[in-house]
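Visitor: I have the structure open and a handful of things to ask. Could you walk me through them?

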Amino acid sequence: FLFFVPYVFMATIVYGIAIPSGLFVPSLLSGAAFGRLCGHLLHKLDHTSGTFADSGTYALMGAAAVLGGMARMTISLTVILLEATGDMQYVLPLMLTLMAARFTGNVFNEGLYDIHIKLKNIPFLEPEVPTIAERHEIVAGQVMSTDVKCLRPVERAGVVYELLRNYSHGTFPIVDTASQGTLYGTASRSMLCTLLQRRAFGSPDVLSEYDGCGSLGPKRLSPLVQWDTIERAYPRYPTIDDVEMRPGEENCWLDLRPYANTAPYTVNETASIQRTYRLFRTLGLRFLCVVNHNNQVVGIITRKDLLPEALADSLIKGRNAHLYALENFA
């Protein structure tokens, strides 16, 4: 008792402060202490006939119960504790204890790690498609963000700089305005910052007038930075705060064609949300460009757009589309 109460109190305090700590070993030790305490109390009640098991067995079951209730793990914890004890006779008691701890915890709340994921606002996608997506017919065009910030294959350095300065997106679509906005590829934020920092742009006189409607041809319009040079800065890529634009460089041309990812993952705006969700889960995507039948960019989907709360909001907006239209018109 003198070990259990102070240890649980200190473990609770330490886990809530900003220092590297965990709950695996504290849960194991506190559960073992509580189990041994229960074992001692039972032996005090009946210490002659040997009705109850030894205190070490109760300590093992207590450690499994507390750890299983905290982490909601069953099979893996059973294997870990069996490897620690080396006694196969505890297989059934451990499995029953861990299943009871898991089911009891699920009655009150989720696991502690799941709760912390939500507290930190991490867009974690569950393995199964959300229930709201299964019950309603939702397409990608309903959940996508339509305010997409795009670049041209050859863009002014000042435009790229202002875009990175004003928006925190990790990736920007590149659209070919010569073919009326068809998707050309994507450019990552780290790559754009590296190109600006290394001043990989050409003179303003390279193109006298370029409105994006003409064909540029294969000619390179800015100095080429090797890909290994860009990746050499990993994982500490330069940020937009590390870039300093000199007077007159805003009108220089930045040729993004050699660096663009010309084969990004896309989904049609009429695709079901189930297919979109599985694409994110299977491929580990962070974004997905939404295109129409002409391969023109009409929106973009991120992980946050596929959370159950976001799907519910998009469904409500879809049902009340006429009200939003009236508000915008007014």
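Visitor: What span does helix H2 reach from its first C-alpha to its last?

Guide: Before that, a caveat: this is a predicted model, where local features need pLDDT of at least 70, side-chain atom pairs count only at pLDDT 80 or more, and totals for chains, interfaces and linings use all residues. Residues are numbered from 1 along each chain as its sequence is written, and side-chain values use heavy atoms, with hydrogens and water left out. Helices here are DSSP runs of H or I of at least four residues, strands are runs of E of at least two, and both are numbered from the N terminus. H2 covers residues 24-45, 22 residues, and the expected span is 1.5 Å times one less than the number of residues, which puts the expectation at 32 Å; from first C-alpha to last, H2 is close to that, reaching 32 Å.

Visitor: Which residues of H2 are buried?

Guide: Buried means under 20% relative accessible area, exposed means over 50%, and partly exposed is in between, using a 1.4 Å probe and protein chains only. By that cut-off the buried residues of H2 are Pro26, Ser27, Ser30, Gly31, Ala33, Gly35 and Gly39.

Visitor: How many residues of H10 are buried?

Guide: H10 runs over residues 189-197. Its buried residues are Arg189, Met191, Leu192, Cys193, Thr194, Leu195 and Leu196. The helix is largely enclosed by the rest of the structure, because the buried count is 7 of the 9 residues.

Visitor: What do the buried residues of H10 pack against?

Guide: Contact means heavy atoms within 4.5 Å. The buried residues of H10 pack against two helices, H9 (157-166) and H11 (227-231), and against strands S2, S3 and S4 (253-255).

Visitor: Is Cys193 buried or exposed, and which residues is Cys193 in contact with beyond its neighbours within four places in sequence?

Guide: Cys193 counts as buried because its relative accessibility is 2%. Its C-alpha is 6.0 Å from that of Pro238, although the two residues are 45 apart along the chain. With neighbours within four places set aside, the contacts of Cys193 are Leu164, Pro238, Thr239, Ile240 and Val243.

Visitor: Which residues are closest to the centre of the largest pocket?

Guide: On a 1 Å grid over the protein atoms alone, a pocket is an open set of points with protein on both sides within 12 Å along at least five of seven lines, and lining residues have an atom within 4 Å of a point. Grid points are joined across faces, edges and corners, and a volume is the space filled by probe spheres set on the points. The largest pocket comes out at about 910 Å³. It is lined by 33 residues, and the closest to its centre are Gly170, Thr171, Arg286, Phe287 and Thr302.

Visitor: Which elements give two or more residues to the lining of the largest pocket?

Guide: By class, that lining has 15 nonpolar, 11 polar and 7 charged residues; Ala, Val, Leu, Ile, Met, Phe, Trp, Tyr, Cys and Pro count as nonpolar, Asp, Glu, Lys and Arg as charged, and the others, Gly among them, as polar. The elements giving two or more residues are S2 (171-176), S3 (182-188), H10, S6 (287-291) and S7 (297-302).

Visitor: And which element gives the most to the lining of the second largest pocket?

Guide: That pocket holds about 410 Å³ of space. Of its 17 lining residues, Lys118, Phe124, Leu307, Pro308 and Glu309 are the closest to the centre. Helices H6 (112-119) and H13 (308-319) each give two or more residues, and the one that gives the most, with 3 residues, is H6.

Visitor: Which side chain does Thr57 join in a polar contact?

Guide: Thr57 is in helix H3, residues 55-71, and counts as buried because its relative accessibility is 15%. A polar contact is a pair of N or O atoms within 3.5 Å; within protein, one must be able to donate a hydrogen and the other to accept it, and residues adjacent in sequence count only if both atoms are side-chain atoms. At 3.4 Å, the partner side chain is that of Tyr90.

Visitor: Where does Asn121, with its positive phi of about 55°, lie?

Guide: Asn121 is not a glycine, yet has that positive phi. It is exposed, with a relative accessible area of 62%. Asn121 lies in the loop between H6 and H7 (131-135).

Methods
On a 1 Å grid over the protein atoms alone, a cavity is a set of points where a 1.4 Å probe fits but cannot get out, and a pocket is an open set with protein on both sides within 12 Å along at least five of seven lines; lining residues have an atom within 4 Å of a point.
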